[in-house]
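Here are a few exercises to work through with the model open in your viewer. Try each task before you read its solution.

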Amino acid sequence: MTKQLILCDCSGSQTIDADVIGRATGLTCSRIHTALCTREAEAAAKAISAGNAIIACQQEAQRFDELATELSAEPPIFVDIRDRAGWNDDKNASAKMAALVAESLIPAPAAKTVDVVSEGMCLIIGAGAVALPAAEKLADALAVTVLLTDDADLPLTRAYEVVRGKLTKATGTFGDFKLRIDGFQMLNPAGRGEFTLTAPRDGAETRCDVIVDLSGATSLFPAPHKRDGYLRADPGSQPAVADVIAQAREMVGTFEKTLYLSLEPHLCAHSRAEQTGCTRCLDICPTGAIFPAGEHVDVDPMVCAGCGACASLCPSGAIKYDAPPVSYILTRIRTLAETYAKAGGKAPRLLVHDDHGAEMISLSARFGRGLPADVIPLSISALAEFGHAEMLAALVSGFASVQILPSPRTERDPINREIALANAMGGDARLSLIDVDTPDSLSDALYGTEITPIIVAPKLMMGDRRQVARVAAKALLPDDQPVALPAGAPYGATMVNKDACTLCLSCVSLCPSGALVDNPDKPELRFQEDACLQCGICTTICPEKAITLEPRFNPSDEAMKLVTLNEEEPFCCIECGKPFGVKSTVEKIMEKLAGKHSMFEGNGAGRLIQMCDTCRIQAQYHNQSNPFASADRPMVRTTDDYLKRRDH
């Protein structure tokens, strides 16, 4: 059954062209209502009862969901074309409305989750003046223990536990915090008078589900606002303390934790043979959820907060953002651009934002100028996951520019790095961060800007991030010449100093991506630029320090081919003529050792250097000074020998 789009101009406050939207999306559009949520609620009920309804109103979604429940009908799909499109100074935004409607029809993949169980064990840390009143308020809902950080008088209540000590280590996350306390003293409730404490001892270990930190000291965890179950407030702010107490009361029961990342360890270029290479994800992770695990990294999914920075920076694709995957983002981008063009729009601009940005857009639309008609918003859960590949894909899909709207708590460093990389790979300054703090300043930054359209042949964006970025950059760059990239870029060339390189090929054996390969027929070092991750393991392992990295992007097909970085003639064995080793290296060893080292003096020992493995073993075995030789074997005695002796 064909879906029907139910339109409403919200009391005539926006202009809607149903014909344009219908032609671009292929949907059947209703007549344009004026008060669908109030006076014309009967029309909404009829459309919902008929099924396959798409209601072009996000504000009253809850009301229409309740109506669907009353009618025992399937809940409709909702799309906001008012705050994000209709309410603006340009008045006519039908092309953008069509694009937003088409995007809403893309089914979102289900998020992967795991259950987290909290039994309500809560640790409150702080001075008695703040921590003890907080414990009084939480004791009826949680199993509370107070870790006093001062010498406050001990309360006489037994509604919660009180201890003293110094918290020296805290690990884990919501539902599974592990703590170590030195100078630990427990309450001794026995006897008359005031309660006393046990003798202090170090190394006490315990666990809890929730931590309420009212100490005012340094946070126990990096990026504390991203650590589930860790509630921290300034003890001098009563509203802040009240807020964390209210949050803590709700943290008991079973909760769903989203699994944001997927990891393929065999692709990771972190380390080989204990030589560290790529550390991009380790350096950028704000929560410390990523840690070395041998030759690859590992991710603690319970600590991961889903910022997505590691996935956008990973050069090999070993870490992938999975909530949602990249393919879903690319599909939304392509649908927005194609539908906008089909509806007659030209040179759209993409505005990428999160929930904070959505609120700013809504406020700007209601009380200000709203978004220009050519600015199409794209809402994603984690801005840092929108990397250079997605930015370049948006330009190739038809967007004239891409701007990212961060929230106050957004980590800007990974986003700025990806913007700089994408601009160098063909973005040509069309990619930027729009860092504003008010709805009005958002509108001011977007209005009055003219962007030249990009004319490129349509490209199908498939594969992983690296493949998408290559296809898009190749389409955007004016020629096939290599372009320089910022330091730390995941694309580039490996340069070899031929005078220093001895062709030991240690770099080949440790290259995690196979960009450096050898030739089994002769001493030769070959390189495929497209496969190079710029991890740096080759530069670290090279004993001659003959390798350097050059961050660059080569859009030509030559980057896909093997090129020779260094080659030499092989040395031929003086016994069998079999080629082995490198001629210059063998000659250099002969010059330094033959006749000059005690092991290679006399008896033709110096010839061993010029032999292949097989001939060297043979020569060593038959040599008079063979260290493996034993005494001569006795002659075998036969029956005739015994008979001759008897006859004599």
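A salt bridge here is a side-chain nitrogen of Lys or Arg within 4 Å of a carboxyl oxygen of Asp or Glu. Keep in mind that this is a predicted model.

**Exercise 1. Find the salt bridge between R63 and E60, then say how accessible each partner is.**

Solution.
- Step 1: Take the distance. The N to O separation for R63 and E60 is 3.8 Å, and the cut-off is 4 Å, so the pair counts as a salt bridge.
- Step 2: Check R63. Its relative accessibility is 44%, which makes R63 partly exposed.
- Step 3: Check E60. Buried means under 20% relative accessible area, so E60 qualifies as buried, with 17%.

**Exercise 2. Which acidic residues does K474 bridge to?**

Solution.
- Step 1: Start with D480. The side chains of K474 and D480 form a salt bridge at 3.9 Å, N to O.
- Step 2: Look at exposure. K474 has a relative accessible area of 34% and is partly exposed; D480 is also partly exposed, at 40%.
- Step 3: Move on to D557. K474 forms a salt bridge with D557 too, with the closest N and O atoms 3.8 Å apart.
- Step 4: Place that second pair on the chain. K474 belongs to helix α15 (residues 465–476), while D557 is in the loop between β29 (547–553) and β30 (562–567). The two residues are 83 residues apart, so this bridge links distant parts of the chain.
- Step 5: Widen the view. D176, K178, R207 and D209 are joined into one network by salt bridges that share partners. The whole structure holds 28 salt bridges.

**Exercise 3. Trace the open sheet of 4 strands and work out which strands stand at its edges.**

Solution.
- Step 1: Write down the order. The strands run β2-β1-β3-β4, with parallel pairing.
- Step 2: Pick out the ends. β2 (28–33) and β4 (77–78) each have a single partner strand, so one side of each lacks a neighbour in the sheet.
- Step 3: Zoom in on one pairing. β3 (residues 53–55) and β4 pair in the parallel sense over 2 bridges. I55 has F78 as its bridge partner in β4.

**Exercise 4. Is S94 buried or exposed, and what does S94 touch?**

Solution.
- Step 1: Locate the residue. S94 sits in helix α5 (residues 94–104).
- Step 2: Read the accessibility. With a relative accessible area of 5%, S94 is buried.
- Step 3: List the contacts. Leaving out residues up to four places away in sequence, S94 touches I16, D17, V20 and I21.
- Step 4: Look for a polar contact. The S94 side chain reaches the backbone nitrogen of D17 at 3.4 Å.

**Exercise 5. Describe the largest nonpolar core, using I81 as your way in.**

Solution.
- Step 1: Get the count. The largest nonpolar core has 63 residues, and I81, L350, V352, F386 and M425 have the most contacts inside it.
- Step 2: Walk around I81. Beyond its neighbours within four places in sequence, I81 contacts residues including L7, I16, A56, M97 and V101.
- Step 3: Look elsewhere. Another core, of 28 residues, lies apart from that one, and A135, V162, L214 and A233 are among its members.

Technical notes
Residues numbered from 1 in each chain as written. Predicted model: local features only at pLDDT ≥ 70, side-chain atom pairs only at ≥ 80, totals over all residues. Heavy atoms only, no water. Core = buried A, V, L, I, M, F, W, Y, C linked by side-chain atoms within 4.5 Å. Buried < 20%, exposed > 50% of the residue type's maximum accessible area, 1.4 Å probe, protein only. Contact = heavy atoms within 4.5 Å. Pairing = 2+ DSSP bridges. Polar contact = N/O pair within 3.5 Å; in protein donor to acceptor, adjacent residues only side chain to side chain.
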